[in-house]
Amino acid sequence: MKRPSGVRPTLAGLATIVLCAVAAPPAVAADRYDVTVARTEYGIPHIKAKDFASLGYGYAQALAEDDVCTVAETYVTVGAERSRWFGADKTYELRGNGSRAKNLNSDFFFQRINDRGTVERLAAVPPPIGPKDEIRQAVRGYVAGWNTWLKGKGGTAGIPDPTCRGKGWVRPITEIDVYRRFHQLAILASSSVAIDGIAEAQPLTGPVDAQAAARSVAPGELDRRLGGLGSNAYAIGKTASRSGRGLLYGNPHFPWQDSERFYQAHLTVPGKLDVTGGSLLGVPIVLIGTTKGMAWSHTVSTARRFVPYQLQLVPGQPTKYVEDGKVKDMRADRVTVRVPGAGGRLEPRTRTLYSSEQGPIFTSLLGLSLFPWSPVNAYAMLDGNDDNFGRLMNHFFEMDQAQSTQDVEAVLKRYQGIPWVNTIAADTAGNAYYADIGTVPNVSAAKYGDCQTPLGRTTDLLQRLPILDGSRTACRPGNDPDAVVPGILGPKNLPSLRRDDHVSNMNDSYWLTNPDKPLEGFSRIIGDERTARSLRTRLGVKQLQERVAGTDGLPGKGFDLENLMQVGMGNRVYSAEIWRDALVAGCDSEACRVLRGWDLHNDLDSKGAVLWQRFVERLGVVLPGIVTGLPVVTNVVGPFATPFDPARPVDTPGGLNRLTPTVPIALNQAVADLQAAGLPLDATLRRGQTVTRRGETIPIPGGPGPSGIFNVITPTWNPKKGYTEVVHGSSFVQAVDLKPGCPDVRTILTYGQSTNPASVHSSDQTKLFSQKRWVTAPFCEKDLEADRSADRIHTAEDGSTLVTVHEARGKGRPRVDVTRASGKPARVTVKVRRGKRLVRTVVRRGAAVTTSPTVKRGAYRIDVTVGKRTLRVTAKQR
C-alpha cells in the first residue's frame, strides 16, 4: 500500500544493504543444524529441533520429500521464469484466487517486483514491521535443508516425483526465493488477481463505455470467480460445550491441486514452540492449528484488500494524471524477461509497465475487463498487502505460541498482519473468539460513500467493489491512531467478538458471527450488513443452533468432539431442505420420484444427490445470485417463495416459488445432463462424484457450497462421465477438543500430504475422507513416543559434514549415514555411547560412509568425528 510521504524513505535506505544480506549467505561460520523428523501414519512429520534454524531445515527436507515439484514451481513463478521453462504463450491457474494468467504476463508482473527490490527492501526492515530474528533463522535453515535434500538426491535426476525429475527448473534456492514466496501469498487476494490486467495495461485511443461493460457482468461475478478460496470454522465456547472446554472445527475450502495446498506438520522447539497444524506449501510456519491451550482456523474474509482508483488523465497525455489540480507523471518501469526464441535460445522481451502513486495501472481483474485505460481515465490498484510482509510472518510465528484467545487478540492487534482471512479461535478455558483484524485499506464508511465515482457506484452495487476518485488526495486511505501502520483501518474499526457459546464464519461477512449479537456499523470495505446470507452460512448457523438445542437428531445437547465431527461431515443439503418438497409436490415424473425418495444429504449412497446437485448448478447459471445471497438483477424473478427479512436472517429468503419458469427448465437440464453422462437419475455420489488417484477410483462425499452444503466439494463435470475430479473444497480439516495439558486433535488432509502421483501419501487420506474417517495425530510427547508408526530420522549438519541416523525397532539396526559436503574422502569415526560408556566404535574412510551398528533397547548417542569436528546425535532403540 502506498504510504504518505516520509514513511517509505527509511525502507528504501535499507534496500542496498539487504541485496547482499538476503540474497547471499552471510560471511560467518556455517550454522549447525540438529533436528529429528518422526513420520507417523499417513506421512505426517513431527519435527523437533534444537533451534529455529534447525526447525526450518527439517521442515524443508520433509516438504521436499513430499512436494518438491509443486514448491519448486512456485520459485520459478516468483523468480519470473515461467516463460523460460513452461512457454511464454502458455497459461497457468492461480487456483488460490480463481484466476488464470499468461506465463509471459506473470513474468513481467513478478520481474517488476524483483527489479524494484520490493521483497529485499521489506525483508531488511527491523521487527516488529520486518521479520523477527527467529523467522530469519528459520528461513536460513529452510534454504539449507532444501538444498541439502536436493544434493542428497544427486540433483534433479534423483527426485522421486516423475513430474519434475531431471527438470532444470528444480534448483537450489536462496533466502530471497523463500521470502518472495511469502510475498506472493500476501498479495494472493489483491494485486495477484490482476496479473494479466497489470502486465497488459496499455492506453486505448478511442472512446470506451465503461458503465456498459460494468453492467454487462453478472451480479456477484467477482466473488464467484474469487471462489478459489473459502472456508468454514466454528469456535465452541463453554456454554455450548458439554465439557465446558473450548472446541474448534476448521475446514478451509482450498484448491486440491497446485501451490495453495496445505501441508500438515507438528513443529517443536523445546521450551519455545509446540504447535501442530497446516501450512500453505513453502511456508515453514503453522498457519492454522493447535497449541496446548488454543486452537484456531481461518476463513476467507469479505474485506476488500485492494481498492481501484479512477485517475483523471491529462488530455492527449495518457501517462499523466491530475490530483488536486496538479499534473503527475505515471512511473514507467521498463521490464525485461527472458523467453525461448528460435531453437530454444533465450532472448530478451521488454515491456513498459505503469503505475501511479496509488499503485499499478490495470485494466482487468479475474478476467473481467472493467477498467479500460481510455483517453480520459485510467485505473490504479491500491494493494493493502503490498508491504504486509514482516508483520504477516511475525503474526503467524506468535500465533504458533499463543495459548489463549486473549493471546490471539493481542497478536492480531500487535501486527495486523492477517492478509485476507478472518480468525476463529477457542481455548481451554472455553472462550470462543472471532476477528477480522488484519490489513484492510483505510476507507471509512464516510469515504466509501463520498469518494465513489459514478462507475464505482455501479461496480459497488453489482460486485461490492468500490472505485474511488483518484483526482483527490482526500480519497486516499486514511490513518487511524490505533493502526499498526499508516493507511489501514485500526482494530477499533474492525469487527471482533468474544463469546462463551459460539462464533462462526462461512465466508459471508462478520454480520452474523453469532446471530444473538450481530456486528454492525463498520465500513462496507469490510463487508455487508443486514443482507441475505449464503445457503452455506445459513446451514452452518442452523447446525450450531440445533446442536445446542439438541434438535438435530443426535443424542443430547451441546457439542463434544465426536458430534462436532459428525456435524461437520454431516453433508446436509440446505437448498434441498427448503426447496425439495415444493419442487416435487404434485409431480410424478421419474426425476421427481427420485428426489422425493432422496435423504437430502450428499453422502456416498444418497440416491438422487447427483441429480439435485446438477439442478442447483443449472439454476445458479440462470440466476447467479439466487443461491449465494448476492444481488440479482431486478427484472428476474428469483426462486424463493418468501423474501429476505433482516429480522430473520437465518430462515429467509425461504421456500420455492414454483411459478418461476427457470425452475422446471433447470430440472429438465439436470435430467438431460445425467442421461448424457450415462448416469441413472438416482445416481449416487459413489458412482457420480469420484477422483482417480494411483489408478484407483475414489468416491467423494460433500458437494458445492452454493447448494448449501457445509462439507464443500467443488467437482468438475465431465458431460460424458459425471463428476470426475475435485478442484477445490475441504482441505486441511481439524476438529479439536482443548483438554488441559494435551488437546485431542483429529485431522484429515483430504488430498494427502504429497503431490507426487506415485506416492502412497497422494491418496491415502483421500480414501479416509471418502469414508468420513479421521486421523488421530499424536501431539503430546507421551503419545508420540507410544506411536509405533513413527519413523524417526535424526539429522545433524555443520556445513562440512552431514550425519543422519535412521532409528530402528526391536532387533533391527539403526542406519548411520555420514556425507562430506566437499565430496573428498576422509577418516570417519562413528562411536556409539550409552551415557558415558562407549559401547561400539566404527572407523571408515570415504566421502560417504554408511554403517549399521548393533544397539540394545534404550537411549544411545552417536558421535561422528571427521577431522577435528564431532557431530552428536541422540537416538533411541525402541
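**Helices, cores and aromatic pairs**

Helix α7 is followed by Gly154, a residue whose phi is positive, near 80°. The model in which this is seen is a predicted one, and α7 itself is a convenient place to enter it. The helix spans residues 133-152, 20 residues in all, and reaches 28 Å from its first C-alpha to its last, close to the 28 Å expected at 1.5 Å a residue. Many positions along α7 are buried, among them Ile135, Ala138, Val139, Tyr142, Trp146, Trp149 and Leu150. The buried residues of this helix pack against β1 (33-40), α3 (52-78), α8 (175-186), α12, β28 (791-797) and β29 (801-806).

Two of these α7 residues lead on to the interior of the model. Tyr142 and Trp146, together with Trp612 and Phe615, are the residues with the most contacts inside the largest nonpolar core, which has 225 residues. Helix α3 gives the most to this core, contributing 16 residues. Phe615, once its neighbours within four places in sequence are left aside, is in contact with Leu583, Val663, Ala666, Leu667 and Ala670. Apart from this there is a second, separate core of 19 residues, which includes Ala796, Val842, Val849 and Val873.

Helix α13 (residues 405-415) shows how burial can be arranged around a helix axis. Its buried residues are Thr405, Val408, Glu409, Val411, Leu412 and Tyr415. Seen down the axis of α13, these residues fall within an arc of 160°, so they line one face of the helix. The spacing can be understood from helix geometry: an α-helix has 3.6 residues a turn, so residues three or four places apart point the same way. The elements that cover the buried residues of α13 include β10 (294-300), α12 (390-399), β17 (421-427), β18 (432-435) and β20 (496-499). Helix α12 thus appears both in this cover and among the elements against which α7 packs. After α13 comes Gln416, whose phi is positive, near 45°.

The aromatic side chains offer another way through the fold, with a count of 24 aromatic pairs. In one of them, the rings of Tyr249 and Trp774 have centres 6.2 Å apart and planes at 70°, so the pair is edge-to-face. This pair links distant parts of the chain, since Tyr249 lies in strand β6 (residues 247-255) and Trp774 in the loop between α23 (764-770) and α24 (781-786), 525 residues apart. Tyr249 counts as buried at 0% relative accessibility, and Trp774 is also buried, with a relative accessible area of 18%. Tyr510 and Phe522 form another edge-to-face pair, at 5.3 Å centre to centre and with 75° between the planes. Both of these residues lie in the loop between β21 (502-505) and α16 (535-549), so the pair ties together parts that are 12 residues apart in sequence. Tyr510 counts as buried, at 1% relative accessibility. Tyr249 and Trp774 also belong, with Tyr234 and Phe710, to one aromatic cluster.

Charged side chains meet aromatic rings as well. Arg82 lies over the face of Tyr92, at 3.8 Å from the ring centre, while the charged end of Arg614 sits over the ring of Trp717, 4.3 Å from its centre.

A last stop is Thr352, in strand β15 (residues 346-355). Thr352 is buried, with a relative accessible area of 17%, and, leaving aside neighbours within four places in sequence, is in contact with Gln202, Ala332, Asp333 and Arg334.

How values were computed:
Residues numbered from 1 in each chain as written. Heavy atoms only, no water. Buried < 20%, exposed > 50% of the residue type's maximum accessible area, 1.4 Å probe, protein only. Helix = DSSP H or I, 4+ residues; strand = E, 2+ residues; numbered from the N terminus. Arc of directions from axis to C-beta. Contact = heavy atoms within 4.5 Å. Phe/Tyr/Trp six-rings, centres within 6.5 Å; stacked < 30°, edge-to-face > 60°. Lys NZ or Arg CZ within 6 Å of the ring centre and 35° of its normal. Expected span 1.5 Å × (residues − 1). Core = buried A, V, L, I, M, F, W, Y, C linked by side-chain atoms within 4.5 Å.
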